[in-house]
Amino acid sequence: MTDKNFDVSRRKMLGAIGTIGGAAALGGASTMAFFSDEENFANNELVAGELDLKVDWTEHYSDWSEDEADGITVSMTDESVGAGFPSAASSKMAYVSDKNQFLENTAIESFPDPDNDGTQEFSDPTSGTWEDGQGNQYDICTYDPDPVDGAGADTPEVLSDQFRTDSGPDGIGGSPNPQVTAPGDPLVNIEDVKPGDFGEVTMSLHVCGNPAWLWMTGDLVDADENGTNEAEESDEDEIGPGETDPEDRDLFDNEGDETNEENNDPDNTVQEPVELLDAVAAAVWYDTGSDGAFGTGDGGEGDNYHQANEVFVPLTGSLRNVLQVLEGGMVPLDYTPVPQGQQGDNTNDNGGTTQFPVCDDVNDAIDVLLSEDLGIPTARNISCEELDELLVAGGYVESGTEYVGTKFEESGGDIPTGTYSTPKGTITIESVDVQAGTITLSTDFPIEVVSMKGGNQGEKEYVFEDKGGTDPADPEQFGCILDSVTFSTPTNQPSGTVAAISNVELCWDSDIPDDDNGGGGQQQDGRECFPNSTTAYIGFEWWLPVDHANEIQGDSVSFDLGFYAEQCRHNDGSGLVQSLKGSTGSGDFSEVSYNKAFGMETLWGSSSYDDPTGQTPHEIKIHPGQSEAQSHHDFSPNDEQSVTVPFSATFDPTTSTPSASFEVNGVNVQDSDLTDDGVPSDGEVAITVKAQDHAGDVSRVEDLQIDGVPVSPSSVEATKGGTELAWIAVSGLDFSNPVTVTGDLTMTVDESNYDVNSYKASPGLGIDWK
């Protein structure tokens, strides 16, 4: 085997590339969350029926140890040797003479693995049956190692199952083997990742019972720098706390804000980019085999290797991009990612051509615009949703549609070529040259905008026909199908060279009518239900390109991945409502509060508003502007030292004079006219609790929801002497309709510090609208 030499030493970079949790069966559906210990789904409307989702897996990891070349030839550069790895990457790191032998050499664990050699032993993989070597046979749908708890082959129990590969003395590699998981460990648990390493997990999905819609889920659990050593600090790609990020990355809420190790300051919450999130590249695909379909008996189905005709799930690029897409919502999976007869053409299953026009030249675009043409002076990313608004405002397209889309991000100088499945159809990246700034695309459904991001040069928008309508009789209003069209990024000024690709986003009309090109099962938006008693394989591959060095030393990332199943019968495949992600902070007010249009507030009391009875009134008020009078109401006249009450705050922009109401424990305050500079416009709200005045003050909000959708995190607390002011802010709200914030408020005072005649203000709750 050819050795690789690096200027950096081996180091721990991934404390755990995943965390594990449990599965839950709710009224006929179940979640199989291999990397999750928390599910953030709500408003479940599930119809009772027999449904269970089971998952088994095989994992591979290459760290270039000598035994990976046993019995085969390996080359870093000669592609004539054989299959290339990582299989999903366009730029390979290694070529091997025998793909299957290399996968066997790099297998580190699986389930079920009765002989503990790291590879699965199924007597019939498609039906999920295996034997234990003692004549006993098991079935994945009925297997239950502990009939008392009734968990079956579900997480987290299955992670400690007797048939999962064990790193003990009898496991592969003997003991200890740090790259083989011990019972209960996360599924992917690589602690010594270095540039050039890569790994893969193929997960086999078994729908037991009724047919089911399936989704992939996930989010970031934590990402930290874990301090920086001298080598990391001196790397030009390392961005420290408070330093300007030239890439202007959109950081996760829980990224890079670990406690300062030098002075152990628990209040050090300054965020910084964790470069490992950007350095690790990832891809997800349907492991169907070369024929692109599940259940056909293709020998390559579920072979742990991405083949040319296998379709990607639109989750590629850096690990940051993959997790941002998953955190934005569940990604639907399709049993027929490329409907039969659809690869490489634009015909429906009746043999006729599609109803949409076809564009085979970049000059077919009706407009080519730069970011500055849309009033965006900075080189930031523009989402499809924002792009729709900008194009309408600029008069480039007609109003009446909503754009949705898929983004492909460069990572390690690569965007994997191949076909990607979306809810509306497929996108094929035929070729890409990241440094030259060009990409060639084909689709089997109409596209309205192709957006090319070229680093600090901003975006170049290729706009195709968009008449703003939704009438299938006028197909040109939906853009056009792309047929081997080559696009380029903006030109660097003043050099005149084309900027390298940062990302490519394709936007389409959310109201595109479906072609009848499915595979015969129940359809939703062109997507097909997963039949029962059939196994589907999903491959997840990650790799750390060799062009990364000191900037990632010591970085750690842990993240969740999972699958959600919902039975097809009586469900339309639209899935569950996820929680709304909130940003958090403490010690000072949020930007929303500082720039609010108006606010609402409820306080324990104030001596300046003494009740004639001698009791301190609890206050509720709305103050849209400094000139507005404040309303004060007593929602709990007794002198309890602690109260827990429900609250509801509503902003209604639909009335002729926008209004607001704030109700606490059944007492309601209203403002029927916010037009005096009090109308919010940005779609943001901040929920702030404070306990700043007296020892023993506590203010806490729990079960926080917006329009019935849980907010994550769902609680926030302030205590005198601790975190005296804390907030949760949620952005991206739709202010074209009424918006309601609800929750439970607890306010507590210490009786020994309570004086009815002097008690002022906090504890309290403020809700600010921007």
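**Figure 1. The loop between S8 and S9, with Asn116 and a cis peptide bond at Pro112.** In this predicted model, Asn116 is found in the loop between S8 and S9. Although Asn116 is not a glycine, its phi is positive, at about 60°. Asn116 has a relative accessibility of 16% and therefore counts as buried, since the limit for a buried residue is under 20%. The loop between strand S8 (107–111) and strand S9 (129–131) also holds Pro112, which is joined to Phe111 by a cis peptide bond with an omega of about 0°. Phe111 is in turn a member of one aromatic cluster, which it forms together with Trp57, Phe122, Trp130, Tyr138, Tyr143 and Phe163.

**Figure 2. Backbone features of the loops on either side of S41.** Asp707 is found in the loop between strand S40 (698–706) and S41, and its phi is near 55°, a positive value in a residue other than glycine. With a relative accessible area of 46%, Asp707 is partly exposed. Pro713 is found in the loop between strand S41 (709–712) and strand S42 (716–719); the peptide bond leading to Pro713 from Ser712 is cis, with omega near 0°.

**Figure 3. Edge-to-face pairing of Tyr335 with Phe530.** A search of the whole structure finds 29 aromatic pairs, and this view is centred on one of them. The ring centres of Tyr335 and Phe530 are 5.5 Å apart and the ring planes stand at 70°, so the pair is classed as edge-to-face, the class for planes over 60 degrees apart. The two rings come from distant parts of the chain, 195 residues apart: Tyr335 belongs to the loop between strand S15 (331–333) and strand S16 (358–359), whereas Phe530 belongs to the loop between strand S28 (527–528) and strand S29 (535–543). Tyr335 and Phe530 are both buried.

**Figure 4. Edge-to-face pairing of Phe651 with Phe735.** In this pair the ring centres of Phe651 and Phe735 lie 5.3 Å apart with their planes at 70°, and the arrangement is therefore edge-to-face. Because Phe651 lies in strand S36 (residues 642–652) and Phe735 in the loop between strand S43 (725–730) and strand S44 (739–748), the pair ties together parts that are 84 residues apart in sequence. Both Phe651 and Phe735 are buried.

**Figure 5. The largest nonpolar core and the surroundings of Leu214.** The largest nonpolar core has 59 residues, of which Leu214, Leu277, Leu333, Val557 and Phe563 touch the most other members. When residues up to four places away in sequence are not counted, Leu214 touches Leu53, Leu205, Val207, Pro332, Leu333, Arg527, Phe530, Tyr564 and Ala565. Another core, of 47 residues, lies apart from the largest one and includes Trp64, Ala88, Met93 and Phe445.

**Figure 6. Helix H4 and the glycine that follows.** Helix H4 covers residues 319–327, and within it Leu319, Arg320, Asn321, Val322, Leu323 and Leu326 are buried. After H4 comes Gly329, whose phi is positive and near 160°.

**Figure 7. An open antiparallel sheet with helix H5 lying across its strands.** The sheet is open and consists of 5 strands in the order S17-S23-S22-S26-S18, with antiparallel pairing. Its edges are formed by strand S17 (367–370) and strand S18 (403–409), each of which pairs on one side only. On average, and with direction ignored, neighbouring strands of this sheet are turned by 15° against each other. S18 is joined by 7 bridges to strand S26 (residues 503–509), and these two strands run antiparallel; Gly405 has Cys507, in S26, as its bridge partner. Helix H5 (residues 384–393) lies across S17, S18, strand S22 (449–453), strand S23 (459–463) and S26, and it runs at about 125° to S18.

**Figure 8. Overview of the whole predicted protein, as a setting for the close-up views.** The protein has 6 helices and 45 strands, and buried residues make up 54% of its 770 residues. Of the contacts in the protein with a separation of 6 or more, 71% are accounted for by residues 24 or more positions apart. The protein exposes about 30600 Å², and carbon and sulfur atoms supply 42% of this area.

Key: Residues numbered from 1 in each chain as written. Predicted model: local features only at pLDDT ≥ 70, side-chain atom pairs only at ≥ 80, totals over all residues. Heavy atoms only, no water. Phe/Tyr/Trp six-rings, centres within 6.5 Å; stacked < 30°, edge-to-face > 60°. Helix = DSSP H or I, 4+ residues; strand = E, 2+ residues; numbered from the N terminus. Buried < 20%, exposed > 50% of the residue type's maximum accessible area, 1.4 Å probe, protein only. Core = buried A, V, L, I, M, F, W, Y, C linked by side-chain atoms within 4.5 Å. Contact = heavy atoms within 4.5 Å. Areas by Shrake-Rupley, 256 points an atom, 1.4 Å probe, with all protein chains shown as cover. Pairing = 2+ DSSP bridges. Axes fitted to C-alpha atoms, helices over the stretch in contact; angles between N-to-C directions.
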